[in-house]
Amino acid sequence: MSEKAEQLAKLKKHFGRRVHEQARAIVNGWSVLQEVHWNETWFQEFLSLSLKLQKVSARYEFKELTLASGKLIEVLEQCNSTQAPKTDKLVLLNGYVTDIAQACSRANDNVPVEEMSAGRKPVYLCFSDQLQASVLKEQLSVFGIPVFCYDTAAELDRSIHYRIPAAIIADTQFEQQGIALVAKIQKEMRQTIPVLFYAQDEPSIMDRLEVVRANGVAFYTGQLDFGLLVEELMGIYALRSEVHFKVLVVDDSRSQALYAEKTLNQAGIFTQAVIDPLEVLDAIEQFAPDAILMDMYMPGCTGPEIAQVIRQQSKYDAIPILYLSAESDIEKQLDAVGLGGDDFLTKPVPKEVLISTVRNRCRRHRGLRDQMIRDGLTGLFDHNHILEVLSNELNQAKTNDQPFCFAMIDLDRFKSVNDIYGHSMGDRVIRALALYMRQRFRITDTVGRYGGEEFALVLPNTNAENALKLLEEVRRGFEQLVHQDGQHQIRVTFSCGIAQLQADDDGSTLSQRADQALYKAKDAGRNRVEVAR
């Protein structure tokens with residue numbers, strides 16, 4: 001590469017941080033729609049952010065971001081600034097925001113995680129024990145989190161005025177008054193900084209209250225759980241386009257259904273109307289709603305009757321059903337709720353009440369559903385769900401003629417970790433690997449706990465060469481992590497097998513080939529990644 005080409009590459013990399021920060025602003029701007037609702041101020045700001053991203057991404061040749069932001073702008077310019085569009089356009093907008101988030105989440109599989117994270121705001125670490133701070137800084141760097149340590153409040157104050165951090169991690173004993181120092185800083189800020197507090201000894205209730213008042217988003221005590229700390233930080237750093245809630249509106253009155261649709265669309269909630277209640281089961285199967293908003297009286301059947309039909313099928317049993325009706329008789333309302341319903345809203349219902357009630361029900365449904373398909377220790381998808389995802393994504397890859405990989409990971413000599421250091425240490429290691437993978441992979445990649453110390457990865461639109469480079473990088477990063485439980489500190493490695501989709505593969509044969517590659521890695525000495533040939 002010529003000297004000029006190298007300079008241009010370095011320049012692009014440098015300004016790439018600015019591009020990704022602009023992309024982050026769009027993803028965050030879209031996510032707040034659920035709270036602020038569609039209005040002219042929000043719309044103009046969101047459109048302005050999109051135009052800026054298109055401009056800077058085109059200037060520095062980020063083609064995926066230029067394309068996605070251009071499509072986003074095209075749809076926005078078709079929208080009314082004061083009135084939310086219908087669900088079809090909201091879905092399009094959400095898709096382009098997701099494309100933007102995805103383009104930044106793994107911009108280049110060949111770039112080390114440290115370089116990809118270079119544009120991140122730093123974390124400021126304020127600990128009375130500098131040795132503890134140094135160890136924590138080293139561990140966070142493995143996750144690509146830039147950290148600066150401070151000995152005094154004066155140094156911290158100077159740095160904050162120079163650059164606002166993504167977060168502060170503060171020991172309550174920092175200069176003997178960590179909570180008060182942070183609270184003073186927060187009062188001087190136009191926008192508060194997320195702070196994670198730590199105390200060696202059990203704090204008093206007053207300490208906990210002061211932490212809340214200082215905008216403490218977490219409070220760790222005793223032995224610092226590194227896994228929980230990183231998980232909280234990755235939430236602060238997250239560049240994720242959350243899947244918006246979906247509500248099925250069942251009402252024989254088109255005008256009433258349209259009112260509910262418009263109201264919920266204002267908050268970015270996707271809706272689909274069913275005018276004929278006898279079509280509700282097909283609509284649920286196709287739309288997969290997070291909640292059902294239903295009239296109580298309809299031609300041919302009542303809302304409670306349809307609710308009972310829905311509840312006859314166990315797979316729909318957990319979907320919240322909310323009645324929206326002019327019925328004012330309390331006894332009839334209670335009877336309706338008792339027959340398969342979850343809530344009752346009496347018309348006319350204020351828009352804010354409708355949005356808030358529906359959103360809370362959707363959020364609770366998502367949480368319960370996640371508990372059913374996720375592993376309790378790691379928060380990753382469980383064995384059954386990861387196989388379901390594998391099957392769906394594999395079929396999608398064949399349909400779109402795209403490369404596709406499945407990978408199996410197994411922690412090396414994990415039994416000895418449990419035998420020597422106990423299951424508490426083993427759980428810490430499993431959680432650490434799960435967390436490390438969650439922050440490294442794309443939105444479209446799926447990470448699951450296959451069982452015990454085994455993990456599985458579904459990697460759409462990824463060939464074996466890129467999968468190998470990516471997992472080698474993850475392997476090298478993970479082996480640097482120090483896992484601590486009490487006085488014990490250990491390092492652990494993993495082995496991995498990768499299989500790329502072939503024409504005659506199904507989910508079973510693909511996973512078998514990945515498993516065979518994993519055993520090959522184990523036989524070759526462990527702590528390595530093998531690709532099935």
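A residue is called buried here when its relative accessible area is under 20%, and exposed when that value is over 50%. The exercises below apply these terms to a predicted model.

**Exercise 1.** Determine which residues of helix H9 are buried and where they lie around the helix axis.

*Solution.* Step one is to list the buried residues of H9, which are Gly178, Ile179, Leu181, Val182, Ile185 and Gln186. Step two is to look down the axis of H9, where these buried residues fall within an arc of 165°, so that they line one face of the helix. As background to this step, an α-helix has 3.6 residues a turn, so residues three or four places apart point the same way. Step three is to turn to the face of H9 directed away from the buried side, which carries the exposed residues Lys184 and Lys187. Step four is to identify the partners of the buried residues of H9, which pack against helix H8, strand S3 (167-171), strand S4 (195-199) and helix H10 (205-213).

**Exercise 2.** Describe how helices H8 and H9 pack, giving the angle, the distance between their axes and the residues of the contact.

*Solution.* Two packed helices are described by the angle between their axes and the distance between the axes. For H8 (residues 153-162) and H9 (residues 178-188), the angle is about 25° and the axes are 12 Å apart. Because angles under 35 degrees count as roughly parallel, H8 and H9 are roughly parallel to each other. The handedness comes next: H8 passes H9 in a right-handed crossing. On the side of H8 the contact is made by Ala153, Leu156, Asp157, Ile160 and His161, and on the side of H9 by Leu181, Ile185 and Glu188. Sorted by character, the residues of this contact comprise five nonpolar, one polar and two charged.

**Exercise 3.** State whether Ser159 and Val75 are buried or exposed, and find their contacts beyond four places in sequence.

*Solution.* Ser159 belongs to helix H8, and its relative accessibility is 16%, which means that Ser159 counts as buried. Once the neighbours within four places in sequence are set aside, Ser159 is in contact with Tyr124 and Tyr150. Val75 is located in helix H4 (residues 63-76), and at 6% relative accessibility Val75 therefore also counts as buried. Not counting residues up to four places away in sequence, Val75 touches Lys89, Leu92, Leu93 and Tyr96. As a last step, take the distance from Val75 to Asn94, which lie 19 residues apart along the chain: their C-alpha atoms are separated by 11 Å.

Definitions and conventions:
Residues numbered from 1 in each chain as written. Predicted model: local features only at pLDDT ≥ 70, side-chain atom pairs only at ≥ 80, totals over all residues. Heavy atoms only, no water. Helix = DSSP H or I, 4+ residues; strand = E, 2+ residues; numbered from the N terminus. Buried < 20%, exposed > 50% of the residue type's maximum accessible area, 1.4 Å probe, protein only. Contact = heavy atoms within 4.5 Å. Axes fitted to C-alpha atoms, helices over the stretch in contact; angles between N-to-C directions. Parallel < 35°, antiparallel > 145°, perpendicular 65-115°, else oblique. Left-handed = near helix turned anticlockwise from the far one by under 90°. Nonpolar A, V, L, I, M, F, W, Y, C, P; charged D, E, K, R; others polar. Arc of directions from axis to C-beta.
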